[in-house]
Amino acid sequence: LRNSQALKLLFKIYNYLTCIKVHEPNVDQGDLILPNNLEQINLQDIDEKFELIIIAVDHTEYLKLGIEHFLDLKSDSGIIIDIPAIFEPTSVDFQL
């Protein structure tokens, strides 16, 4: 995680959002030390909707979950940004 581009992105947007939930499948829950308004979550256990979902890394787990899982987590007015372009462009709101 030391040189993680996803972590750099997280800290760039940190001051602009009131509550940020982070999922990192390669780090055990609770092992990631995060500032106050950041919370590490388990994607399978989450039951809330999000205004913004940023998929920053092409983890195999995300492909296994499928875009439907992320669409279920998105609020009606929310957006999904798929930086590594792991899903079909028509299924997300923005890709690089």
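**Exercise 1.** Determine which residues have the most contacts inside the largest nonpolar core of this predicted model, and which elements supply at least two residues of this core.

*Solution.* The largest nonpolar core comprises 14 residues, and those with the most contacts inside it are Ile53, Ile55, Phe70, Ile80 and Phe87. At least two residues of this core come from each of β3 (50-55) and α3 (67-73). Taking Ile53 next, and leaving aside residues up to four places away in sequence, one finds that Ile53 touches Phe70, Leu73, Lys74, Ile79, Ile80 and Ile81.

**Exercise 2.** Work out the strand order of the open sheet of three strands, and explain which strands stand at its edges.

*Solution.* The order is β3-β4-β5, with parallel pairing. Because β3 and β5 (94-95) each have a single partner strand, they stand at the edges, and one side of each is left without a neighbour in the sheet. Between β3 and β4 (residues 74-82), which run parallel, there are five bridges, and Ile53 stands opposite Ile80 in β4.

**Exercise 3.** Find the aromatic pairs in the whole structure and describe the geometry of each.

*Solution.* The search yields two aromatic pairs. In one, Tyr62 and Phe70 meet edge-to-face, at 5.6 Å centre to centre and with 90° between the planes. In the other, the ring centres of Phe70 and Phe87 are 5.9 Å apart and their planes stand at 55°, so this pair is tilted. Since Phe70 lies in helix α3 and Phe87 in the loop between β4 and β5, the tilted pair ties together parts that are 17 residues apart in sequence. Ring pairs thus link Tyr62, Phe70 and Phe87 into a cluster. As for burial, where the cut-off is under 20% relative accessible area, Tyr62 counts as buried at 6% relative accessibility, and both Phe70 and Phe87 are buried, with Phe70 at 4%.

Note on methods: Residues numbered from 1 in each chain as written. Predicted model: local features only at pLDDT ≥ 70, side-chain atom pairs only at ≥ 80, totals over all residues. Heavy atoms only, no water. Core = buried A, V, L, I, M, F, W, Y, C linked by side-chain atoms within 4.5 Å. Buried < 20%, exposed > 50% of the residue type's maximum accessible area, 1.4 Å probe, protein only. Helix = DSSP H or I, 4+ residues; strand = E, 2+ residues; numbered from the N terminus. Contact = heavy atoms within 4.5 Å. Pairing = 2+ DSSP bridges. Phe/Tyr/Trp six-rings, centres within 6.5 Å; stacked < 30°, edge-to-face > 60°.
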